[in-house]
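The exercises below ask you to read a protein model piece by piece, each with a solution worked out in steps. Keep the sequence and the structure in view as you go.

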Amino acid sequence: MSDILQTQALVQCDCCDYFCIPAGADYEICPVCFWEQDAWGISKPDQRSGANHGLTLRQGRNNFLQLGACAARFKQHVMDESMRRHYRHVPRHIIALETPANLCPYCEQDAIWRVRLKAHPEYSFLMCFECDAVWDSHQPVSSESGSTFPVYMQSLGLIPDWNVERLETVDWQDAGE
Ligand SMILES: [Zn+2]
Ligand SMILES: [Zn+2]
């Protein structure tokens, strides 16, 4: 299968992830999802896109998955679904491409909490409830410095006791600045 589409360099649409945007084109409107490529690319998924009338990329991507267009009003303008197969499609997970502030550096799924043991309130430390990573309160948080909850409890000479109290989330990425 050789057709005209493969003779031009196409790059991936920020919104629908189809390779259907001519390389080097600025503010091109995607024929698959009708998202207008803006200066942010996929770097700021929660930034309101002026080129897309204030829609964020994350909203546009969700709309495309649900409606087949980046916004409901463009459904009638996008190419027929059967035409999409002419373009290469590599779905991306933009949540992993951005690094939102203060998410756990291990799992990037949840915030880090300052917690204390209910049975031993003198012990306070930092913890991710998603992946059970633990940091000592005095330790800078990083993907190298963490321990796991059971290991940390052992280092304190305690039996792992999941009865912890959440005190507050920690802005650990700002802490060193
Ligand atoms: Zn698109
Ligand atoms: Zn985690």
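**Exercise 1. Find which residues of α1 are buried, and decide how they are placed around the helix axis.**

Solution. Begin with the list: in this predicted model, the buried residues of α1 are Leu57, Gly60, Arg61, Asn63 and Phe64. Next, consider their directions from the axis: these residues cover an arc of only 160°, which puts them on the same side of α1. A general rule helps here, for an α-helix has 3.6 residues a turn, so residues three or four places apart point the same way. Now turn to the other face, the one directed away from the buried side of α1, and you will find the exposed residues Leu65 and Gln66 on it. Finally, follow the chain just past the end of α1, where Gly68 takes a positive phi of about 85°.

**Exercise 2. Give the order of the elements along the protein chain, and say where the confidence of the prediction is lowest and highest among them.**

Solution. Count first: the protein chain has three helices and nine strands. Read from the N terminus, these follow one another as β-β-β-β-α-α-β-β-β-β-α-β. For the confidence, start with the whole chain, whose average pLDDT is 87, with 90% of the residues scoring at least 70. Then compare the elements, among which helix α2 (residues 94–97) has the lowest mean pLDDT, 56, while strand β7 (residues 133–136) has the highest, 95. Residues 1–5 deserve separate care, since pLDDT stays under 50 over this stretch, for which the model has two contacts beyond four places in sequence.

**Exercise 3. Work out the strand order of the five-stranded open sheet, and explain why β8 and β9 each have one side without a neighbour.**

Solution. The five strands of this sheet lie in the order β8-β7-β6-β5-β9, and their pairing is antiparallel. From this order, β8 (147–148) and β9 (164–169) are found at the edges, where each has a single partner strand, so one side of each is left without a neighbour in the sheet. Moving inward, strand β5 (residues 112–117) is joined to β6 by five bridges, and the two form a hairpin with six residues between them. Within that pair, Arg116 stands opposite Ser124, and Val115 stands opposite Phe125. On to the next pair: three bridges join β6 to β7, which also run antiparallel, and in their hairpin, with four residues between the strands, Asp132 takes a positive phi near 65°.

**Exercise 4. Decide whether Phe125 is buried or exposed, and name its surroundings.**

Solution. Locate the residue first: Phe125 belongs to strand β6 (residues 124–128). Then apply the cut-off, by which a residue is buried if 20 or more other C-beta atoms lie within 10 Å of its own; Phe125 has 21 such atoms within 10 Å and is therefore buried. The strand as a whole fits this picture, because four of the five residues of β6 are buried, so β6 is largely enclosed by the rest of the structure. Leaving aside residues up to four places away in sequence, Phe125 touches Val115, Val134, Trp135, Asp136, Ser137 and Tyr152. Of these, Asp136 is the bridge partner of Phe125 in β7, whereas Ser137, twelve residues away from Phe125 in sequence, lies 4.7 Å from it in space, C-alpha to C-alpha.

**Exercise 5. Identify which residues of the largest nonpolar core touch the most other members, and say what Val32 touches.**

Solution. The largest nonpolar core has 18 residues, and those touching the most other members are Cys13, Cys15, Cys16, Cys30, Val32 and Cys33. β2 (19–22) and α1 (57–67) each supply at least two residues of this core. Another core, of 16 residues, lies apart from it and includes Ala133, Val134, Val141 and Tyr152. For Val32 itself, again not counting residues up to four places away in sequence, the residues touched are Cys13, Cys16, Tyr18, Cys20, Val78, Met79, Arg84 and Tyr87. To finish with β2, note that strand β1 (residues 10–12) pairs with it in the antiparallel sense over three bridges, and that Gln12 has Phe19 as its bridge partner in β2.

Notes
Residues numbered from 1 in each chain as written. Chains lettered and ligands numbered in written order. Predicted model: local features only at pLDDT ≥ 70, side-chain atom pairs only at ≥ 80, totals over all residues. Core = buried A, V, L, I, M, F, W, Y, C linked by C-beta atoms within 7 Å. Buried ≥ 20, exposed ≤ 12 C-beta atoms within 10 Å, placed from the backbone. Contact = placed C-beta atoms within 7 Å. Pairing = 2+ DSSP bridges. pLDDT = per-residue confidence, 0-100. Arc of directions from axis to C-beta.
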